[in-house]
Amino acid sequence: MDLEEKALESTRIYDGAILNVRKDIALLPDGRTAPREVVEHPGGVGIALEDEEGKFFMVTQWRYGQRKVMTEFPAGKKEKGEEPLVTAKREIIEETGYEGLDFVHLGKLVPTPAYDEEVIDLYYARKGRKLGQHLDDDEYLNVTRMSLNEIIDGIMNGTIDDAKTVAMAFMIREYKERTNEEH
């Protein structure tokens, strides 16, 4: 069976600074129609920046939608038309104050495919020169460093539950095992 659903019509519901929302009427595989609400998002990146001691830069920040402080790998939203690697290089400096070197693309993460177009490109990099943080005007965060084992322990005990961070931690562990890097 062909599972593709085709949009028959779209109505703009909301235009925002970070995302837009539309309501589509979709043609289902059996010929019926159904409403589909879609969040339009330009996508983003997550960056696992490792220092010379084998520790990763992590950010803790208030996440308004979850109403709590969360610990995450640094991340950021792509600008319209921006290549993900360009976003990653910009965001790692903005959030940690350090440039990234030797970027490795780990893959992509689709965090909420049922209703959101967002795709997050995931990167692993090594720490370069200190250049200084350049946070957005409304961005407040603390930077810490954690070993990969500490991050995975946080995931397993529930203190780290950000989707991109969970995925990246296990992807990095697998990447290191496959390339025989220490961790």
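## Strand E4, helix H3 and the core

In E7, lysine 77 is the bridge partner of glycine 44. That pair is a handy way into this predicted model, and the strand to follow from there is E4. E4 and E7 (residues 75–77) pair in the antiparallel sense, over three bridges. E4 also joins E9, and here the two strands run parallel, with seven bridges between them. One of the bridge pairs puts valine 45 opposite aspartate 121 of E9.

Here are the two pairings of E4 next to each other:

| Partner strand | Sense | Bridges | A bridge pair |
|---|---|---|---|
| E7 | antiparallel | three bridges | Gly44 and Lys77 |
| E9 | parallel | seven bridges | Val45 and Asp121 |

How many of the seven residues of E4 are buried? Seven of the seven are, so strand E4 (residues 44–50) is largely enclosed by the rest of the structure. In a regular strand, side chains alternate between the two faces of the sheet. In E4, Gly44, Gly46, Ala48 and Glu50 point one way, while Val45, Ile47 and Leu49 point the other way, and all are buried.

Now for the cores. The largest nonpolar core has 18 residues, and the members that touch the most others are Ala48, Phe56, Phe73, Ile151, Ala169 and Ile172. Strands E5 (55–63), E8 (98–109) and E9 (120–130) each give it two or more residues, as do helices H2 (148–156) and H3 (163–179). H2 supplies the largest share, four residues. A second, separate core of 10 residues includes Val45, Tyr98, Tyr123 and Ala125.

Isoleucine 172 is worth a closer look. Leaving aside residues up to four places away in sequence, it touches Ala48, Phe56, Phe73, Leu106, Tyr124 and Leu148.

What about helix H3? Its 17 residues reach 24 Å from first C-alpha to last, close to the 24 Å expected at 1.5 Å a residue. The buried residues in H3 are Lys164, Thr165, Met168, Ala169, Ile172 and Lys176. They cover an arc of only 130° around the axis, which puts them on the same side of H3. The background is simple: an α-helix has 3.6 residues a turn, so residues three or four places apart point the same way.

Tyrosine 175 also lies in H3. Its relative accessibility is 23%, so tyrosine 175 counts as partly exposed. Tyrosine 124 is 51 residues from tyrosine 175 in sequence, and their C-alpha atoms are 9.5 Å apart in space. Just after H3, asparagine 180 takes a positive phi of about 60°.

Terms used: Residues numbered from 1 in each chain as written. Predicted model: local features only at pLDDT ≥ 70, side-chain atom pairs only at ≥ 80, totals over all residues. Heavy atoms only, no water. Core = buried A, V, L, I, M, F, W, Y, C linked by side-chain atoms within 4.5 Å. Buried < 20%, exposed > 50% of the residue type's maximum accessible area, 1.4 Å probe, protein only. Contact = heavy atoms within 4.5 Å. Expected span 1.5 Å × (residues − 1). Arc of directions from axis to C-beta. Pairing = 2+ DSSP bridges.
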